[in-house]
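This report describes a strand, its partners, the core and a pocket. The sequence and structure come first.

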Amino acid sequence: LRIAIVGLGGTGSYVLDLVAKASVREIHLFDDDLYLQHNAFRAPGAASLDDLLRHLTKVQYLHDLYAKMRSGIVPHPVRIDEANVHLLQGFDFVFVCVDKGSVRKLILDTLRAQGTSFVDVGMGVEVTADGKLWAVCRITAGTKGKTDHVDARVPMADTDLDAVYTQNIQIADLNALNAAMAVIKWKKIVGVYEDSEKEHHSTYSTNFHLLTSEERVA
């Protein structure tokens with residue numbers, strides 16, 4: 001398989017960590033952001049100060065890291081927009097891990113038009129009155145047999161970045177969980193794991209420890 005990961009932030013970098021250990025031919029990474037200190041606390045592994053001082057893009061840093069264990073990782077230090085969204089053609093599966101609604105809409109509309117299967121991820125974090133965190137992790141899949149739920153289930157509008165998330169709180173565990181949910185769903189779609197429910201939308205809520213399974217294929 002040829003896999004693409006769009007957005008290599010906290011969740012996207014964990015998606016890479018898991019997919020890199022699967023039997024796929026190529027993994028293409030799309031992100032133009034630099035790999036900075038706050039990224040090191042949201043991503044797998046342990047970046048050194050020397051790593052950060054190299055001022056690499058996320059995709060170049062992660063390419064260099066995972067190229068130690070496998071071939072086929074291809075960095076694309078670009079931000080997907082209308083001018084280059086065609087770069088997502090020809091992939092067997094795409095993980096969409098972006099935080100801007102309009103970019104997500106552009107990518108998902110393109111993938112649906114192409115008939116490319118995907119999983120889109122998202123996470124929301126809030127603070128309770130007594131200062132505790134609660135969060136919801138979301139994965140929404142799209143396949144050739146079902147995409148009619150996507151517009152209703154995936155936020156497509158631009159909003160201010162999550163005020164809590166941008167305070168650099170330590171929630172790499174939620175990034176890892178969100179990525180694991182996405183990769184497990186991908187493995188169901190491609191036939192590695194049995195998929196009795198064939199759900200295309202799932203959420204996990206930390207405060208109720210609740211996992212949903214919705215938008216099943218009839």
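From β1, R2, A4 and V6 point one way and I3 and I5 the other, and all are buried. Buried here means under 20% relative accessible area, with over 50% being exposed and partly exposed in between, for a 1.4 Å probe and protein chains only. In a regular strand the side chains alternate between the two faces of the sheet. Because five of the five residues of β1 (residues 2-6) are buried, the strand is largely enclosed by the rest of the structure. Strands (E, at least two residues) and helices (H or I, at least four) are DSSP runs, numbered from the N terminus.

The model is predicted: local features need pLDDT of at least 70 and side-chain atom pairs count only at pLDDT 80 or more, while totals for chains, interfaces and linings use all residues. Residues are numbered from 1 along each chain as its sequence is written, and side-chain values use heavy atoms, with hydrogens and water left out.

**Strand pairing**

Two strands pair if DSSP finds at least two bridges between them.

| Strands | Sense | Bridges | One residue pair |
|---|---|---|---|
| β1 and β2 (residues 26-30) | parallel | five | I5 and L29 |
| β1 and β4 (residues 93-96) | parallel | four | V6 and V96 |
| β4 and β5 | parallel | four | F95 and V119 |
| β5 and β6 | antiparallel | ten | M123 and C137 |

β5 and β6 form a hairpin with five residues between them. In its turn, G131 has a positive phi of about 85 degrees.

**Core**

The largest nonpolar core has 44 residues, and I5, L16, V19, L29, F95 and W186 have the most contacts inside it. Such a core is a set of buried Ala, Val, Leu, Ile, Met, Phe, Trp, Tyr and Cys residues joined through side-chain atoms within 4.5 Å. α7 supplies the largest share of this core, seven residues.

**Second largest pocket**

α7 also gives the most to the lining of the second largest pocket, with five residues. A pocket is an open set of points on a 1 Å grid over the protein atoms alone where a 1.4 Å probe fits, with protein on both sides within 12 Å along at least five of seven lines; lining residues have an atom within 4 Å of a point. The volume of this pocket is about 220 Å³, taken as the space filled by probe spheres set on the points. Its lining includes I139, M181, K188, E199 and Y204.
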